[in-house]
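Student: Before we look at the model, I would like to ask how each term we use is justified.
Tutor: Then let us set each value against its definition.

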Amino acid sequence: MTTVSFGADGTSVIKESEHRIKSSTEKTVYKMDLIDAEGKTTQSRDIELYYKKQGGVESTLFKFTAPPVVQGTGLLIVDEAKPVNDIWMYLPATRRIRRIAGAEKSNWFMGTEFTHEDFEDYKSNAYSFQLDKEGEACGAEQQCFVITATASAAAEKDASGYSRKVYWIERETMYPVRIDYYDKAGAQAKRLDVRKLVKVGNYWRPQVYEMRNLANGRMTRLTALSREVDSSLDDHFVSQRYLRAE
């Protein structure tokens, strides 16, 4: 088990995780599979992610590139350390960028088991973090910090669709390998599992993300096909201009 060199409370674990896993830029190409409750893939999509951290602002842009029914649809999240992030969506059918209002971020994203807010990071400025366990088994030979996150900012509490999130952060890589999502009534609604962690440059990244809806049994799987971190990335790729580009 890895010796932890920072104070083991919830907030310090989250901050160490952020420090260890956040690159300055990232470009990833994913295959997205929509999987029904019987385990059958109902649709496959291609989606690109662009991320850039600059001057205290973190911008993340997702854009579908295939199939034609979703091609050009995109989502842009701008994190300026405000209680609620700015989220923008572009739909080719309307040819307009629409701002996702606070409470709308809990809406489902394009028929997947992800909501808009699931693509946000820890949002440590808007949450409080409680360390529940320090060495919980979370794999054949892995141990995790288990941390409960609850919204501390009133605006985030109102906007989020969750009462709390529970992060399972693997001690060796400090990567969140599992996230449990609890609805407003306190019942577990979804679970995200990440698999096949590999080193990309200085950072650990999963090859596979699986978001499972515990109510309907459906799952959305993201599989990384290619990834670049800390490479040169023009601001254009995390802009509203690129969001609307088709």
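**Strand pairing and the disulfide**

Student: What makes strand 2 and strand 3 (residues 57-66) a pair?
Tutor: Nine bridges join strand 2 to strand 3, and the two run antiparallel; strands pair if DSSP finds at least two bridges between them, so the criterion is met. Strands here are DSSP runs of E with at least two residues, numbered from the N terminus. This is a predicted model, in which local features need pLDDT of at least 70 and side-chain atom pairs count only at pLDDT 80 or more, while totals for chains, interfaces and linings use all residues. Residues are numbered from 1 along each chain as its sequence is written, and side-chain values use heavy atoms, with hydrogens and water left out.

Student: Which residue of strand 3 stands opposite Tyr51, and what lies between strand 2 and strand 3?
Tutor: Thr60 stands opposite Tyr51, and the two strands form a hairpin with two residues between them, where Gly55 in the turn has a positive phi of about 60°.

Student: How many bridges join strand 1 (residues 25-35) to strand 2 (residues 41-54)?
Tutor: Eleven bridges join these antiparallel strands, with Tyr30 opposite Ile47 in strand 2.

Student: Why is the link of Cys138 and Cys144 called a disulfide?
Tutor: Their sulfur atoms are 2.1 Å apart, and a disulfide is a pair of cysteine sulfur atoms within 2.5 Å, so the term applies. The link is right-handed, with 85° about the S-S bond.

Student: Why does Cys144 count as buried or exposed?
Tutor: Cys144 has 0% relative accessibility, so Cys144 counts as buried (under 20% relative accessible area, with a 1.4 Å probe and protein chains only).

Terms used. Buried means under 20% relative accessible area, exposed over 50%, partly exposed in between (1.4 Å probe, protein chains only). Helices (H or I, at least four residues) and strands (E, at least two) are DSSP runs, numbered from the N terminus.
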